[in-house]
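Grab a pencil and work through a few exercises on the chain shown here. Try each task before you read its solution.

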Amino acid sequence: MSQINTNASVAKILVAPSVILLALWMIVPLAMTIYFSTLNFNLMIPGGRDFIGFENFYWFLTDPSFITGIINTLVLVGAVLIITVGLGTLIAVLVDNPFPGRGLVRVLLISPFFIMPTVNALIWKNLLMHPVSGLFAWLFRQVGLEPIDWFTDLPMTSIVIIVSWQWLPFAILILMTALQSMDQEQLEAARMDGAGPISTFWHITLPHLARPLVVVIMIETIFLLSVFAEIFTTTSGGPGTQTTNLAYLIYTQALLQFDVGMASAGGLIAVVLANVVAVFLIRAVGKSLAEQ
């Protein structure tokens, strides 16, 4: 018993430096953000760091751009989730069946996920969606249609397309992996009983994918709440505030208006919202796992 206690004590001592370093890594930035959020701290006003309590939170929450940012964030997250989960499930089921070149197709399907968000946005902006020299403009002209100025006429739709293209491979990868563990004998029995492809998908494949689908939704939601590079590279939050989400709104406060206090308050509000969403999603995952 004493040997077990000794080993436990040694383990705690060995792990302690990593735990302390990790705690400092998180606590110090959070403490500084909380401190700056209570100050009237603007980089354009040297020496002005007056304590103003929760005033930064009040002005950030009552700013008309805040409501717009929340709505744009929800629209972006919801639209991308619908596209990636829907198309991801369909494509994963299709490529699960054997066909010539399936391995190459799988590699090509998941490759966009490994492209950096900024590079992804530049490809779509300059090579595909450019109203003069882009591929889509050329295709429109070939059929006698007027090319679309995507980032002016359909800015949020453009951002949704770009982000969906980036995250669709992630959904496909997770769902393809999950399909590998499906009971083939059950599928064969369903086919022998006369079940069609739609009936087999609805009653066997979809229930099997319930858990990975919840995981995909949870992970994508957490990352999609902080989409920034695609918006910064293509629309800069515009036209107006049509593509300004919460992350870009905090950026404008910090690096365009140089208001460190207001940006810190916005950052803390974003952290609270992200944690609320994370708790909700983790409970959904836990409930899904308990029902399995």
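The exercises below go from the overall fold to single residues.

This is a predicted model, in which local features need pLDDT of at least 70 and side-chain atom pairs count only at pLDDT 80 or more, while totals for chains, interfaces and linings use all residues. Residues are numbered from 1 along each chain as its sequence is written, and side-chain values use heavy atoms, with hydrogens and water left out.

**Exercise 1. Work out how the chain is built and how spread out it is.**

Step 1: start with the secondary structure, which comes to 14 helices and two strands. Helices (H or I, at least four residues) and strands (E, at least two) are DSSP runs, numbered from the N terminus.

Step 2: check the radius of gyration, taken over C-alpha atoms; the globule rule is 2.2 Å times the number of residues to the power 0.38. The chain has 24 Å, well over the 19 Å that the rule gives for 292 residues, so it is more spread out than a compact globule.

Step 3: look at the box along the principal axes, where the C-alpha atoms fill roughly 80 × 75 × 30 Å.

Step 4: add burial. Buried means under 20% relative accessible area, exposed over 50%, and partly exposed in between (1.4 Å probe, protein chains only). Of the 292 residues, 36% count as buried.

**Exercise 2. Find the buried side of helix 2.**

Step 1: list residues in helix 2 (residues 55-62) that are buried: Asn56, Phe57 and Phe60.

Step 2: see how they are arranged, using the directions from the helix axis to the C-beta atoms to get the arc. Their arc is only 100° around the axis, which puts them on the same side of helix 2.

**Exercise 3. Trace what surrounds Gln166.**

Step 1: locate Gln166 in helix 8 (residues 155-180). With 5% relative accessibility, Gln166 counts as buried.

Step 2: look for polar contacts (pairs of N or O atoms within 3.5 Å; within protein, one must be able to donate a hydrogen and the other to accept it, and residues adjacent in sequence count only if both atoms are side-chain atoms). A polar atom of the Gln166 side chain lies 2.7 Å from the backbone oxygen of Ile115, and a polar contact of 2.8 Å joins the side chains of Gln166 and Asn120.

Step 3: widen the search to contacts (heavy atoms within 4.5 Å). Leaving aside neighbours within four places in sequence, the partners of Gln166 include Pro112, Phe113 and Glu230.

**Exercise 4. Which side chain of opposite charge is nearest to Arg106?**

Step 1: place Arg106 in helix 4 (residues 102-110).

Step 2: set the rules. Lys and Arg count as positive and Asp and Glu as negative, while His and the chain ends are not counted. A salt bridge is a side-chain nitrogen of Lys or Arg within 4 Å of a carboxyl oxygen of Asp or Glu.

Step 3: apply them. The nearest one is Asp96, 4.2 Å away, and Arg106 is buried yet has no salt bridge. The Arg106 side chain does reach the backbone oxygen of Val95, at 3.5 Å.

**Exercise 5. Hunt for backbone oddities in the loops.**

Step 1: go to the loop between helix 12 (229-234) and helix 13 (246-256), where you'll find Pro239. A cis peptide bond joins Gly238 and Pro239, with omega about 0°.

Step 2: stay between helix 12 and helix 13 for Ser236. Ser236 has a positive phi of about 55° although it is not a glycine.

Step 3: move on to Phe258, in the loop between helix 13 and helix 14 (260-291). Phe258 also isn't a glycine, yet has a positive phi of about 55°.
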